[in-house]
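I am opening a notebook on this structure. I will look things up one at a time and write down what I find.

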Amino acid sequence: MGMTDVLIVGAGPTGLVLACDMARRGAAVRVVDRSPAPPRTSRAKGPNPRSLEILDDLGVAEEVLAAGSDPVPMLKYRDRRPVAEADPWADSAPSPDARYGRGWLIAQWRLEGILRDRLAGYGVRVEPGREVVGLAQGRDGGDGGHVDVTYADGPAGRARYVVGCDGAHSSVRKLLGITFEGTTAEDQVMVCGDVDLADGALDRTRWHQWFDEDGAVMLCPIPGTRTGWWFQAGPERDGRGRPLAPTADGFRRLLAHHTALPGRALTRAELLSTYRVNVRMADRFRAGRVLLAGDAAHVHAIAGGLGMNTGIQDAFNLGWKLGLVLAGHADAELLDTYEEERLPVAARTLDLTSERLRATLEAIRRPGGGLDAAITPDTTGLGVGYRWSSLAAGGRTPEAEQPGPRAGDRAPDAPCADAVTGERTRLHRVFAGPRTTVLGFGPGSAAVLRETADAYGGDAGVRVCRVYAAHEDRAGAEPGAVVDDAGHAAAAYGTGASGDTGAGTVVVVRPDHHVGVLAPADDARSVREYLRRLHGTGRSAERSTGMVDAVR
């Protein structure tokens, strides 16, 4: 039986992001999904700014942007008449430290299709109709361990690691016996579906929201379609007040009751589902060689649109750690930091979404209130960090009042120029790809960068990048160095004014764009110890060309 490095169970956005990240690292990865064909679901409304950065790192952001649209303003009605309009994204704009100022509207099936195409480019295809019914963790003489996987039909498989990305009803989680604590609010129910409305029935530049005393209907245009809309509504109820299952005719009755459109304006309804507010979390995200990500690990209220985004961000946190362990650079204990970092984020997201839901339910009781109550700066994902993590312990932590990120925070982006060619670039482009980056600010950082390049030059997954201030002489700049010509990088990282000729600063940026170490350039030991934990000892320092190799 052939051994797979990583078996990913579930081919939604979480599983596909993880698969793309593993495949580009050269890992042997399989993706199985119990559905016989990819579901054509539009469920999630799209990636938030942090997820867009991840999709950019994976090389698919341009396609995602082309296939979707800007989020649309909300037009709110009461008693069939428009009463208010809100654009919660009106003031969101890109900034030097964040290229994506707002989320993006795209049908989930389009996003999944783009990720599947990217995965196919690495020679990996999703295997449909494969349901996992058994997992057994074993040891063997050679590499120390594996998981034997049994499927409902077909031959068994074996993998070094298994990741359950198989949703709220996760078979992987159930097979592990991991509890899924929380609540399901049986009374907080919504019916949903993808519908077609007669051409021209509604303005497609708005998300229409009818909130009445006795219910609600919401219609959001699906980008890339001419007549497709997301339909969400309070359910019809029977004589005893129990919610009825969604049907096309039921949708037509709801439409006629709440809006000025006739029921017949709804020409097609499919992918009908009932959504109940479910707030649950697994009590652990790892059991030996099996891990959980996305909805398999946590589900939360829909408010703020953080479900899919939290899953994508889980995958991006886990991917590089699995990659370094599989490559033999890092100890398997590194995988413990996945739960250590992501479980508190999931818990906070549960609280945040529940609070946003409460605020939204409160808002829609008043004419003019609507779903904009769910959109806050918290929902961008850009503020999520891991200051509590054991991976954020290295280096001298700057004082709280100093500007710039702390260890564990998201590493800011910044526009800059290539020091050799002068071409425009930005720090997130420097970070892109599955490597750890060591940034050096100030002339004093040259020695640490040289030592790092000598130790990890070539293919060890570490690159160095000298960030020159505009006034600095860069005659001997190595390929890959950048010029902070507008001072945005120095401002973002709090490394002092551009005229400062102090010792300099070194920043180690993890492959998922989070700061590992931020230290004075003379603190080479902190950098050395941190890299050793992630990448092992590297190679000997005899190769003088290491610096050039490391930044290619």
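How many of the 552 residues of the chain, as a percentage, count as buried? I looked it up in this predicted model: 55% of them count as buried.

**Entry: the chain overall**

I went through the secondary structure next. The chain has 13 helices and 22 strands. Then I checked how far apart in sequence the contacting residues are. I took contacts between residues at least 6 apart in sequence, and 71% of these join residues at least 24 apart.

**Entry: the nonpolar core**

I looked up the largest nonpolar core and found 111 residues in it. Val 64 and Val 163 touch the most other members. Helix 7 gives the largest share of this core, nine residues.

I then followed Val 163 outward, leaving aside neighbours within four places in sequence. Val 163 is in contact with Val 6, Leu 7, Ile 8 and Val 9, and also with Leu 18. The rest of its list is Leu 291, Ala 293, Leu 318 and Leu 322.

**Entry: helix 2**

Is helix 2 mostly covered or mostly open? I found it mostly covered, with nine of its nine residues buried. The run starts with Pro 49, Arg 50 and Ser 51, goes on through Leu 52, Glu 53, Ile 54 and Leu 55, and ends with Asp 56 and Asp 57.

What do these buried residues pack against? I noted helix 1 (13–24), helix 3 (61–67), helix 4 (108–120) and helix 7. Strand 17 (424–426) and helix 9 (427–431) are on the list too. After helix 2 comes Gly 59, with a positive phi near 85°.

**Entry: Asp 56**

I picked one residue of helix 2, Asp 56. Why does Asp 56 count as buried? Its relative accessible area is 9%, so it falls under the 20% cut-off.

Which side chain does Asp 56 join in a polar contact? I found Arg 426, at 2.8 Å. Not counting residues up to four places away in sequence, Asp 56 touches Ala 61, Arg 99, Tyr 100, Arg 426 and Arg 429.

**Entry: the cavities**

I counted five cavities of 30 Å³ or more. I chose the second largest, which holds about 70 Å³ of space.

Which residues line the second largest cavity? I listed Arg 50, Ile 54, Gln 313, Phe 316, Asn 317 and Arg 342, then Gly 381, Val 384, Tyr 386, Asp 512 and His 514. By class, four are nonpolar, four polar and three charged.

I also checked which helices take part. Helix 2 (49–57) and helix 7 (307–326) each supply at least two residues of this lining. The largest share, three residues, comes from helix 7.

**Entry: positive phi values**

Last, I looked at backbone angles. Most residues other than glycine have a negative phi. I wrote down two residues with a positive one.

Asp 79 is not a glycine, yet its phi is near 55°. I placed Asp 79 in the loop between strand 3 (74–78) and strand 4 (81–86).

His 513 is not a glycine either, and its phi is positive, about 65°. It lies in the loop between strand 21 (505–509) and strand 22 (515–520). Is His 513 buried or exposed? I found it buried, because its relative accessible area is 1%, and buried means under 20%.

Notes. Residues numbered from 1 in each chain as written. Predicted model: local features only at pLDDT ≥ 70, side-chain atom pairs only at ≥ 80, totals over all residues. Heavy atoms only, no water. 1 Å grid on protein atoms, 1.4 Å probe; cavity = no way out; pocket = protein on both sides within 12 Å on 5 of 7 lines; lining within 4 Å. Points joined across faces, edges and corners; volume = space filled by probe spheres on them. Helix = DSSP H or I, 4+ residues; strand = E, 2+ residues; numbered from the N terminus. Nonpolar A, V, L, I, M, F, W, Y, C, P; charged D, E, K, R; others polar. Buried < 20%, exposed > 50% of the residue type's maximum accessible area, 1.4 Å probe, protein only. Polar contact = N/O pair within 3.5 Å; in protein donor to acceptor, adjacent residues only side chain to side chain. Contact = heavy atoms within 4.5 Å. Core = buried A, V, L, I, M, F, W, Y, C linked by side-chain atoms within 4.5 Å.
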